Each structure stands twice: as C-alpha cells, then as structure tokens.
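This report covers the internal space, the nonpolar cores and the unusual backbone geometry of one protein. The sequence and structure come first.

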Amino acid sequence: MLFEIQDIVKDHQYTFNPWTLRVSTTDETEQKIKYPQRILSKSPEVIKVLLGNACNFRCKYCRQSVHNKKEKINYETLNNFIHLLQRYLDLSNLRKVEFWGGEPLLYWDEIQYLKNKFLNINKDCILHLTTNGSLITKEICNELISGPNYMIKLSHDGPGQFLRTQDPIKLHREEIFKLKDELLPRDLFWINTVLTWECMSPGKIVNYFKEIFDDPYIKIMKIEPAIPYNEFAKKYILKDDQLETFEFNLLNDLKTYRLEDNVFEYFELLRFFLISQVTDTEYNFAEMKCIETQKKTLTLDYYGNIVPCQVYSSNDNLLGHISNIDSINLNIDHSDRINRCKECPVVALCRGVCPFLKDPETIDMNCKVRYHTYLALLKYFLDVVYRINAVEIKKIC
C-alpha cells in the first residue's frame, strides 16, 4: 500500500510507504506485512510486577477506578514469588524492575521488601514506580533519592488534573520538587499525562509543567489520549467532532514548541522516522509495547501468573503460569487488525491497536484517536525532515 503526499506550497508530489516510512520522489516498493514473533523471554531484561489494583484515586477515565481495597500480601507469598523467578528464569540480564498498581505507594512495604531481593540479584537494577504522588511522605521521598536505583514517573494531567481529584504537586510540593531536583539530572524523574476533552493541547501541558517546576528541561514520558476502557471513561475521551481540531492543535503545538525536546515519546518517534530514511528497516506489524513483542520483558503478578502488560489487572487475560512458560502459546488472531490497518498511512507510527482489547466500540474509538494523533506527528516529521507541507495524504495503490 502506497500513498501520495501533496505539498501545495511547493506544488510537488511525493510517494510515501507507510510500512517503511520512506518518502521518495520515485516509485517505492511495497513492504510485505510481517507478523510479530511470538515468544516469551526466559532471560528478561525488564520485569513488571503487578502488586494489585488498589488505588486511593478515582480517576474518572481509569479502567481500575472501581478498585479501592488493598489486597493482603504476606512475606511468604513474596518470597515464593522471588523463588519462582529464580527457578524458572535466567535473571543474569535483569536491569529494571517496574512496580505497578493500582497505586504502587499503597504497597510501599511490599516494594521495600522486594527491592532488597532484586538488588541482591543485581545491585544496579533500576526500580521503577509510576505513581499519582499523593502518598509521598518525607520518609518515602528520602528513600527514593538516597540511592541510584529508583525511577519515578509522576502521573499528572497538568491543566486537566482536576479529573483525578487531587494534585500531588500542591499536596506535597516540597517532596515532589525534591524528587525532581535530585532525579531529573539522572534521567530518573518523568511525568506521564493523559489527554481528555478538558485539555487537548500537548503544548499547553508542556508549558504548564515548565512553569510549575520553573524548569525548561522538564521531561514528559508520554502525553496519551484517554482510552475508553469503560462507560465512565467514554465521557472524557476525544470525540469524533473534536478529533480534527485535536490533530490541528497537536500539529501547531509541535511546530510552535518543539515538543520533542520535552516529550520522550515524540522524540523517539522522530528518531524512528529519521533512521527509516537512511536505513533499511524491518518493521513488524503491530509492534505494541506489550508482552507479545517486547521480547525482553515479562509482566507478572506476585503469584507468578503472566499477563499481557501492566494495564491489565492480574485476573484479566491470564496467559499462564511462569512454571509453564515453555508451553504458553500467544495465539492471537491478527487478521482483523491487519485488514483494518493495512491501508492506514500511520501504521508504522501507531503500531496497531492493542491485540488484547476485545470491545469493538473501544477498539474503534481508540483507533480514531490514535489515527489523528499519529497523522499530526507524521505531518510534523515530514515538515522537519523534508520541509514538506503535507496538506493531503491519499492512497494511490
């Protein structure tokens, strides 16, 4: 599938291959669709630990907003978890452990216990927490900055934070600023943001954090539109009549503020685009950041059950137990997604909708949001790299 890019400023046409991201003034050759290699790593570099679903927030767009009770976890269970990892995996390459909830700081005692176990395996192992920040105390803050091992991602929606009901930067200003000052220079302090109809401008979000922290180098890992996981979330996602406005605003923000300097996701995608122009790349369709294609990552609950990714609670889509890792078959039918995505100009940037999403309405809504997000990014990359003002991108074969 090839596309034509029309640049009305230069009055010129280009050929664009969405599978390779190649832009050419001559005919391009289509790239065949390649399926992901389905394999579970027994020598992971990253282990994601699902501690539980409990959270002290009730974010209105979150799929885990119904969970409020922390599970009881005893040390015997945690010891058995470490034993399972050491028995069935080769941990010699382990470089990062991510602790996920719910809200991971509700499980702080468990994290501290597991921390020592993992650092005994690899003393340089990075310990990652994505937290809403509301439970940070002086003691927790001091622990997080006392060594080289903790990475913090603060979940905060900037101007749209009121949908989360609390603002940790206001609640614990001293501790949050201390974390930022100590960890940011080491690339260990990041922000994750969710876009809703309350705030559809990534540029506005980046400027918000620059002003709040009085730091032009603040780092945001992702600015991601809300996904309609449930009926409540559907009220806060970007709707059909807002998507073209969102695409226009995102493209304008990218050009105005150079958001790739502060948003790691945009930086990585621009680098991916640049590399594709000079190097023959092999692209695997739907290379999502989940267990199916991240071959050096495993996501588990503390009983040793393997799940697709950290978005899923431990009782969703269990793939199997770590003791049977050799017999687990990632048997996912991609045919519908390939038929849906093969004619999309932004497939290589989007990398497909999550293969574990089941609800057709959710998939459709998610796809529309992702399409307009990555179309704006593609147009921006074309402008940055080729000075192409891509007003129209249309299928030619």
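## Cavity

The largest cavity holds about 130 Å³ of space. A cavity is a set of points on a 1 Å grid over the protein atoms alone where a 1.4 Å probe fits but cannot get out, and its lining residues have an atom within 4 Å of a point. Points are joined across faces, edges and corners, and the volume is the space filled by probe spheres set on them. By this rule there is one cavity of 30 Å³ or more.

The model is predicted: local features need pLDDT of at least 70, side-chain atom pairs count only at pLDDT 80 or more, and totals for chains, interfaces and linings use all residues. Residues are numbered from 1 along each chain as its sequence is written, and side-chain values use heavy atoms, with hydrogens and water left out.

The largest cavity is lined by 13 residues, of which Glu224, Pro225, Arg370, Thr373 and Tyr374 are the closest to its centre. Strand E9 (220–225), helix H8 (264–278) and helix H11 (360–386) each supply at least two lining residues; helices (H or I, at least four residues) and strands (E, at least two) are DSSP runs numbered from the N terminus. H11 has the largest share of this lining, with six residues.

## Cores

Of the protein's 397 residues, 57% count as buried, that is, under 20% relative accessible area with a 1.4 Å probe and protein chains only; exposed means over 50%, and partly exposed lies in between. A nonpolar core is a set of buried Ala, Val, Leu, Ile, Met, Phe, Trp, Tyr and Cys residues joined through side-chain atoms within 4.5 Å. The largest has 105 residues, and Phe81, Leu85, Phe99, Phe118, Phe189 and Phe213 touch the most other members. H11 gives the most to this core, with nine residues. A second, separate core of 11 residues includes Phe57, Leu163, Val194 and Ala233.

Leaving aside neighbours within four places in sequence, Leu85 is in contact with Ile47, Leu91, Phe118, Leu300 and Ile322, where contact means heavy atoms within 4.5 Å.

## Backbone

A cis peptide bond, with omega about 15°, joins Gly101 and Gly102. Gly102 lies in the loop between strand E5 (96–100) and helix H2 (108–121). Two residues that are not glycine have a positive phi.

| Residue | Phi | Loop between | Relative accessibility |
|---|---|---|---|
| Asp187 | about 60° | H5 (173–183) and E8 (189–195) | 36%, partly exposed |
| Asp214 | about 50° | H6 (202–213) and E9 | 69%, exposed |

Key
1 Å grid on protein atoms, 1.4 Å probe; cavity = no way out; pocket = protein on both sides within 12 Å on 5 of 7 lines; lining within 4 Å.
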